[in-house]
Amino acid sequence: MSGSAMREVVVVGAGPVGLWLAAELRRTGVEVTVLERLTEPVPHAKSLTMHPRTLELLAMRGLADRWLAEGKQLPTTHFALLDNRVSYAELDTKYRFVLFLPQPRTEALLAEHASDLGVEVLRGRAVTGVRSFGDSVLVETETGETFQSRWVVGCDGPSSTVRKAAGIEFLGSPSTLSVPLGDVRLAEPPESVSLTVNGDNGALFLVSLGDGRYRVSPTDHSMLHVPKDEPLTLEELKESTRRVVGTDFGMHDPSYLARFGNATLQAARYRNGRILLAGDAAHIHMPLGGQGLNLGMQDATNLAWKLAAVIQGWAPEDLLDTYETERHPVGARVLADTLAQTSLVVSTSPENKALRARFNELIAEVPALNRELAVQVSGLGVSYGSCGSYGWRMPDLDVGGIGVFSLLREGRFVYLSSGDGAELALGPRVDVVRVDGLPWDGVLVRPDGHVGWVDGVGDAFSGVLGL
């Protein structure tokens, strides 16, 4: 359907963020169409990892087991490719691990989920223009089709056509270096399925992708300033790897060779009228720690219920301003985190070498630092409130023999009440659950798993939502 037919939401981009956003919207009853320029999904993996908070989001919708069945659980992650690892063992979650699963499988699972919910995904529709007309937006495509919509969300990556059309600046630092990356076979693989090295000659990230293939990415200090768009050869990848670790592991038969940069950019705004941004269209950074996909899916979860509330008329449009208010600082924090990691990886100065060595020691010697890094990279530390009365992440508490997350499967609000005061005028959009032994009189849990308010402490969202 194109031309004059009016849609509620058009999502531009069928990567993980666009598919998850569309599914979250459709779950609430919103009609949504996804436009994707590619006719087929990208076969190589841009991302490899899911962190605990993203797994919690999947668990809230009853989906986590689909990913757990296919991925490999890793109890630690790296910070700046340093030798001493960051442990997830003490985190306050059921998912005390990084789930290793190459992005093509994540995209396939998300596509199946979106299809199950009835999301319309149209491939081969490269968006060429987006124009606002007061109460609607017109999306133009390379095929000549046009799509009218009440709202448009750009999930179309770093070069986002949607962001540019909305006149939103992309601020920060452009790429100043490049790092090679290849998916290859190894005649002499290391004993471990993953290997990180950070030494005087550079750094190395190596991990098994399965089916006999490995991803190899050496940060060779002597090759950092090769133009990012210059084609990478297998011989260059081998030479760089040898310079960093003394061997190329007998790499051969490449299926993917590329370079990536260190651009660190964030949209000045996440919304301009009826046009919004999420994922890489809103923020990009060096892919250290595998945080990009996770950050984007968390954007989408925050945005979806708010956009649905506005579309369905039970919240004012001002609610959408809280999407940027809440998520922009989270994105900025991740960008700052990856800048710090980048410095520890690429700098060759004596001062930085000393800092790298000392920081590596501290990760092992100071449990509080190790835990702080784990909380940051895992996404579990995100809170949207300043006084502790609202905005904090609700753990999957046992309430009467069931977990809180299982109560959120329909993407609705849940009000947990410890007494007979649950007959508040919360309306049909809130599921009320009475719980014995609750540490509060009552607590409202938002569809994204964050707390809307705690009775007797705060009511940050009650007025906004008209509950």
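## Pocket, cavities and packing around H7

H8 supplies the largest share of the lining of the second largest pocket, namely six residues. The structure is a predicted model, in which local features need pLDDT of at least 70 and side-chain atom pairs count only at pLDDT 80 or more, while totals for chains, interfaces and linings use all residues. Residues are numbered from 1 along each chain as its sequence is written, and side-chain values use heavy atoms, with hydrogens and water left out.

**The pocket.** The second largest pocket has a volume of about 340 Å³. Of its 22 lining residues, Val330, Arg333, Gln376, Gly381 and Val382 are the closest to its centre. At least two lining residues come from each of H7, helix H8 (321-346) and helix H10 (367-378). Helices (H or I, at least four residues) and strands (E, at least two) are DSSP runs, numbered from the N terminus. By class, this lining divides into nine nonpolar, ten polar and three charged residues. Here Ala, Val, Leu, Ile, Met, Phe, Trp, Tyr, Cys and Pro count as nonpolar, Asp, Glu, Lys and Arg as charged, and the others, Gly among them, as polar.

On a 1 Å grid over the protein atoms alone, a pocket is an open set of points with protein on both sides within 12 Å along at least five of seven lines, whereas a cavity is a set where a 1.4 Å probe fits but cannot get out; lining residues have an atom within 4 Å of a point. Grid points are joined across faces, edges and corners, and a volume is the space filled by probe spheres set on the points.

**The cavities.** Two cavities of 30 Å³ or more are present.

| Cavity | Volume | Lining by class |
|---|---|---|
| Largest | about 80 Å³ | three nonpolar, five polar and three charged residues |
| Second largest | about 50 Å³ | three nonpolar, three polar and four charged residues |

Around the largest cavity lie Arg53, Leu57, Gln298, Thr301, Asn302, Arg327, Gly379, Val382, Tyr384, Asp448 and His450. Helix H2 (52-60) and helix H7 (292-311) each contribute at least two residues to this lining, and the largest share, three residues, comes from H7.

The second largest cavity is bordered by Glu24, Arg27, Thr28, Arg61, Thr301, Ala304, Trp305, Gly411, Pro447 and Asp448. Helix H1 (16-27) and H7 each provide at least two of these residues, with H7 giving the most, three residues.

**Helix packing.** The axes of H1 and H7 come within 8 Å and cross at roughly 25°; axes are lines fitted to C-alpha atoms, for helices over the stretch in contact, and angles run from 0 to 180 degrees between N-to-C directions. H1 and H7 are therefore roughly parallel to each other (angles under 35 degrees count as such). Their crossing is right-handed, the near helix being turned clockwise from the far one by less than a right angle. The axes of H1 and helix H4 (residues 103-116) come within 9 Å and cross at roughly 20°, and this crossing is left-handed, that is, anticlockwise in the corresponding sense.

**The sheet.** Four strands form an open sheet with mixed pairing, in the order E25-E24-E26-E27; two strands pair if DSSP finds at least two bridges between them. Strand E25 (430-434) and strand E27 (451-454) are the edge strands, each pairing on one side only. Strand E24 (residues 413-417) runs antiparallel to strand E26 (residues 442-445), and four bridges join them. Val414 has Val445 in E26 as its bridge partner.

Technical notes: Parallel < 35°, antiparallel > 145°, perpendicular 65-115°, else oblique.
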